[in-house]
Every structure is written in structure tokens, then in C-alpha cells.
Amino acid sequence: MDTIQSYKCPCCGAPLAFNAANQNLHCESCGTDFDLDTMKQLDEADENGMTSSKYDWEHYEPRSFEESEAVNLSSYSCPSCGAEITGDDTLGSTVCPYCGNSTIVKGQFEGSLRPDYVIPFKVDKKTAMAEFEKAYKNTPFLPNEFKDKKKIEEMAGVYVPFWMFDCDCNADIRYSAQRVTHWSDANYEYTKTDFYKLFRSGSIGFANIPVDGSKKADDAYMEAVEPFDYADAVDFNTAYLSGYLADKYDVTAEESIDRANERVKSSTEAAFAGTAAGYSSVIPEASYVDFSNGKIRYSLLPVWMLNIKYQGENYKFAINGQTGKTVGKYPVDKKKKWLYFGKVYAIGLVVCIAAAKLFGLL
């Protein structure tokens, strides 16, 4: 005997009964009607929601530099933080882009993995410095160390390693939504909240989802400095390293997959939620995402990095080497802060005394 499928109301959980008059499933408890196709989709989404999403990433096969490419390259290591970076053989004195240490040991270039493509620097050092100065102009009580031209000139152009993920997604996502309406009359103000269950099913493709491949580069900074325009990406050539540093990845493609899965899934949920207009809030309840045609590539993306030490703490800044977008955290000079408020208090006191004398109170 075939199993009889029973449906429960997505809104209140009560049993649904088929209404012959309108050919829908009807809930006697809350009065809501559902067509059969919608309920089948919701039921399938619930079944999928009980299982894990499926991910299908191809295995990445790294490439090595050819012997001719390695001739003009050198390795640079920082004895302070352990950073191992690559640069062209003509680089002079170098400051570590990750910790600001000025003692960098130059060594012979040894086997490193060759990137698939690179986004060349578009923002030169002079422009990057100007972007940094523009960013701090509205920062109150900024210590003088952050305005020191010589210190700012220590910023280094670094090609940061990223794993790039492409994939196609099929997704079934269920959302809870609310629509809040306000109105009033002569006596009262009213608020009405309607609750909805939304279901979205479809396909979406992603290209160039970046995941930072360096343990030394702060993930929060690297994601904040996005986006990059991947239309400028070109096949890798060692000529692009001339005058710049390139970090070698120390997070493998396999180790980056979990983060890529998170970014793909959250981006899919956000994209589908964007189709649900007209609601006060839309919150995902359950989602099933099936990845396919997953591709992984190794890339270098341009970032200017600057480290400024203040009162024993290292403050890091990152500037997108393609767009000039600047991210970082600025400290507060407490002396400047208290001096400012002291002046404001003194001026206020003088004004009060003058007003008191004017009105004969003193």
C-alpha cells in the first residue's frame, strides 16, 4: 500500500485538509490556503534540509616555476615573524609587510608554486600613500606617528596569495519573513505584523570567490579590502613581480575549502533573499545547496601593506592595489584628546564668566 502523504501548515503546524472548492490545502486553525505545488516544494525542501549540502570541488594540481622564470627571483625571510616572501633580485632594503621589521634576510630563490593568474598593481606607491592620508584625515586625535611621511613610505606592495573558487549551485532555501504595518487614528497607534513562510528554488553561478591563502595576512583585513575587478586578471608572468613582493601560500587549497563553502552558501542565501522584496525582514530557516563544476585556481592579488607601531602595539593597514580602498584601525592619542577637551572647557568657562559679568551676576 502506498504511503499517504500528510501535510502540516507551515505557519502554525496544524493539519491541512484539501478544499475541493478552490483545489487548495486549507488550514482550519489559521485560515491559510496553500496550493499543492507549493506544499510539495516545501516538503522537498524540508527533506533536503535534513541532509548536508553537497560540495564538488576539483582537486587542484599545483604548478612549479620553470627554471628560466626563477633566475631573477630571490626569497626574503623575516627573522621576527617568520614570513617567507618572494621578490625580484633587484630589490634593495626591504621592510617586512606583515610585522614592519626592517631586517629582512635575502636568500636564494627555491621551488615555489606558480600562480595561475595575477591582478597587476594599478595603484602606485605615491597614490597608495595619498589614499592612506586621505583615509586618516577625519580621524580624531590621531597620533603624530601616523602622519610621519618617512613611516608611511615604508609601506610595501605585496601580491597576496588567494585561492579562487568557481562553481554552479542548485539551491532550495526556506525563509521566515515578516511584514510590519503601522497606522493610527485619533485615539490609538496600531502595529500589525504578518508572518510568512517563503520558499526559493533555483540555480546560481559564482566566479572568483576569493579565500586568503596566507596565514600571516589577516583574513578580516583581506576580505574588507575587497572587491577586486577580476576583469583585470592576466596569466601570471614574473615580470609583474618587478619592484614588488609576493607571499607564498601556506594555506592549501584543501584547507581553504571550508571557508569557500561558507562564502558560497551565504552568498547564495543572500542572493535568493534579494528576490523577496516587500518584507520588513527575511531570515533563512533551512537551506540545501548543491555545488557542481567546482574549479580552484591559485592567484596573486595586489595589496599595499603598512605597519605602524604605537605604544608597543602594531597597527596594520591594507590598501587595495587595484582600487585604493583602505582598511585599518587607528588609535587615539590620549594627550591630544584631553588637551582638546581641556581647551573646550576653558573656553566655555570664559564665556560663562563673561556672560555673568554682563548680567551683573559677578
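Two residues are in contact here when they have heavy atoms within 4.5 Å of each other. The structure described in this report is a predicted model.

With contact understood in that way, and leaving aside its neighbours within four places in sequence, Glu226 is in contact with Pro210, Arg263 and Lys325. Glu226 lies in the loop between α4 and β12, the latter spanning residues 234-235. Because its relative accessible area of 13% is under the 20% limit, Glu226 counts as buried.

The nonpolar cores can be taken next. The largest nonpolar core has 51 residues, and those that touch the most other members are Trp57, Phe132, Met155 and Phe165. At least two residues of this core come from each of α2 (125-136), β10 (156-184), β11 (189-212), α5 (253-273), β14 and β15. Apart from this core lies another, made of 26 residues, among them Cys99, Val158, Ala217 and Val225. Phe165, when neighbours within four places in sequence are left aside, has contacts that include Trp57, Phe206, Ile209, Ala253, Ile257 and Ile296.

A search of the whole structure also finds three cavities of 30 Å³ or more. The largest of these cavities holds about 120 Å³ of space, and 13 residues line it, with Tyr98, Asp218, Tyr221, Met305 and Lys316 lying nearest its centre. Two or more residues of that lining are given by each of α4 (219-224), β14 and β15 (313-320). Sorted by class, the lining of the largest cavity comprises nine nonpolar residues, one polar residue and three charged residues.

The cysteines call for a separate look, since the same kind of search finds zero disulfides in the whole structure. Cys96 is in no disulfide, and the nearest cysteine sulfur, that of Cys81, is 3.6 Å away. For Cys99, the closest cysteine sulfur belongs to Cys78 at 3.6 Å, which is too far for a bond because a disulfide needs sulfur atoms within 2.5 Å.

Asp290, finally, has its place in strand β14, which covers residues 281-310. The C-alpha atoms of Asp290 and Asn170 are separated by 5.2 Å, although these residues are 120 residues apart along the chain.

The table gathers the accessibility of four residues named above.

| Residue | Relative accessible area | Class |
|---|---|---|
| Cys96 | 1% | buried |
| Cys99 | 13% | buried |
| Glu226 | 13% | buried |
| Asp290 | 26% | partly exposed |

Asp290 is called partly exposed because its 26% falls between the 20% limit for buried residues and the 50% limit for exposed ones.

Technical notes
Residues are numbered from 1 along each chain as its sequence is written. This is a predicted model: local features need pLDDT of at least 70, side-chain atom pairs count only at pLDDT 80 or more; totals for chains, interfaces and linings use all residues. Side-chain values use heavy atoms; hydrogens and water are left out. Helices (H or I, at least four residues) and strands (E, at least two) are DSSP runs, numbered from the N terminus. Buried means under 20% relative accessible area, exposed over 50%, partly exposed in between (1.4 Å probe, protein chains only). On a 1 Å grid over the protein atoms alone, a cavity is a set of points where a 1.4 Å probe fits but cannot get out, and a pocket is an open set with protein on both sides within 12 Å along at least five of seven lines; lining residues have an atom within 4 Å of a point. Grid points are joined across faces, edges and corners, and a volume is the space filled by probe spheres set on the points. Ala, Val, Leu, Ile, Met, Phe, Trp, Tyr, Cys and Pro count as nonpolar, Asp, Glu, Lys and Arg as charged, and the others, Gly among them, as polar. A nonpolar core is a set of buried Ala, Val, Leu, Ile, Met, Phe, Trp, Tyr and Cys residues joined through side-chain atoms within 4.5 Å.
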